[in-house]
Amino acid sequence: MTEASSGRRSAMRKATQTELHKLRGVASYQLGKGTGEVLFKRDTMVVHSPNTGRMRHLYRDGTLLATLRANDGMFALSIAGAHLLLRSRRFKNIVTVQSDISDFIKQGRNVFAKHVKRASLTIRPEEEVIVINEERKLLATGRAFLSGEEMLSFKRGVAVKVRHGVTEA
């Protein structure tokens, strides 16, 4: 464990009812109705920023679920958070890519439009997305560069800027 992560863990504490209410509200707004209850249970642990005192990292069972971005107050999903949302079937912003490029995406490489097989039409640029292959296996989480419709119609360019691949160290 690195010095930074050990310091982060020591500042971890259980989320208050008010914090849980806020987290669930932001999740439902950003990720879709009902996603807040899927991600944030009563045992959610919170790490606050040492500089601002605001919530930053959100854990359950010692595993990072999401990070609240300081610049806009929205979530950046971790792989563990994406797994929970994918299993619940409440999250709709899913991009399906060709299975033959799965290994590249797992390593954290960006998704190009020409590799997109399916994309939710509700996806808008800059939104959080989950990337899966044709077998519905989770590959990555990231941020959409294109709308869902554009991902399907464009044959060039980055469709998803991958933030976390499943095999990244």
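Two strands pair if DSSP finds at least two bridges between them. With that in hand, here are close-up views of a predicted model.

**View 1. Strands β9 and β10 form an antiparallel hairpin.** β9 and β10 run antiparallel and are joined by 5 bridges. One bridge partnership links E128 to R143 in β10. The hairpin has 4 residues between the strands. There, R136 takes a positive phi near 65°.

**View 2. Strand β9 also pairs with β6.** These two strands run parallel. β6 covers residues 94-97, β9 covers residues 128-133, and 4 bridges join them. I94 stands opposite I130. V95 stands opposite V131. Strands of a sheet pair through backbone hydrogen bonds, either parallel or antiparallel.

**View 3. Both faces of β9 are covered.** How many residues of β9 are buried? The count is 6 of 6. E128, I130 and I132 lie on one side. V129, V131 and N133 lie on the other.

**View 4. Six strands make an open sheet.** Read across the sheet, the order is β7-β11-β10-β9-β6-β8. The pairing is mixed. Which strands sit at the edges? They are β7 (111-112) and β8 (116-119), and each pairs on one side only. Helix α4 packs on this sheet, touching β6, β9, β10 and β11 (158-165). The direction of α4 makes about 100° with that of β10.

**View 5. Helix α4 runs from residue 79 to residue 88.** S78 caps its N-terminal end. A side-chain oxygen of S78 lies 3.3 Å from the backbone nitrogen of A80. Which residues of α4 are buried? They are I79, G81, A82, L84, L85 and L86. An α-helix has 3.6 residues a turn, so residues three or four places apart point the same way. After α4 comes R89, with a positive phi near 65°.

**View 6. The largest nonpolar core has 26 residues.** L31, F40, L58, F75, L85 and I130 have the most contacts inside this core. At least two core residues come from each of α2 (17-31), α3 (35-39), β3 (55-60), β4 (63-68), β5 (75-77), α4 and β9. Which element gives the most? It is α4, with 5 residues.

**View 7. F75 has contacts in several parts of the chain.** Neighbours within four places in sequence are left aside here. The partners of F75 include L23, V26, A27, Q30 and L31. F40 and L58 are also in contact with F75. So are A66, T67, L68, R69 and E128. Another core, of 19 residues, lies apart from the largest one. Among its members are A113, I123, L139 and A140.

**View 8. S147 sits in a loop between a strand and a helix.** The strand is β10 (138-144), and the helix is α6 (148-153). Is S147 buried or exposed? Its relative accessibility is 16%, and buried means under 20%, so S147 counts as buried. Not counting residues up to four places away in sequence, S147 touches I123, R124 and P125.

**View 9. Confidence varies along the chain.** The mean pLDDT of the protein is 89, and 93% of its residues reach 70 or more. Confidence is highest in β7, at 97. Where is confidence lowest? It is lowest in helix α1 (residues 3-10), at a mean of 44. Over residues 1-10, pLDDT stays under 50. The model has 7 contacts beyond four places in sequence for that stretch. Where pLDDT is low, the predicted coordinates should not be read in detail.

Definitions and conventions: Residues are numbered from 1 along each chain as its sequence is written. This is a predicted model: local features need pLDDT of at least 70, side-chain atom pairs count only at pLDDT 80 or more; totals for chains, interfaces and linings use all residues. Side-chain values use heavy atoms; hydrogens and water are left out. Buried means under 20% relative accessible area, exposed over 50%, partly exposed in between (1.4 Å probe, protein chains only). Contact means heavy atoms within 4.5 Å. A polar contact is a pair of N or O atoms within 3.5 Å; within protein, one must be able to donate a hydrogen and the other to accept it, and residues adjacent in sequence count only if both atoms are side-chain atoms. Axes are lines fitted to C-alpha atoms, for helices over the stretch in contact, and angles run from 0 to 180 degrees between N-to-C directions. A nonpolar core is a set of buried Ala, Val, Leu, Ile, Met, Phe, Trp, Tyr and Cys residues joined through side-chain atoms within 4.5 Å. pLDDT is the predictor's confidence in each residue, from 0 to 100.
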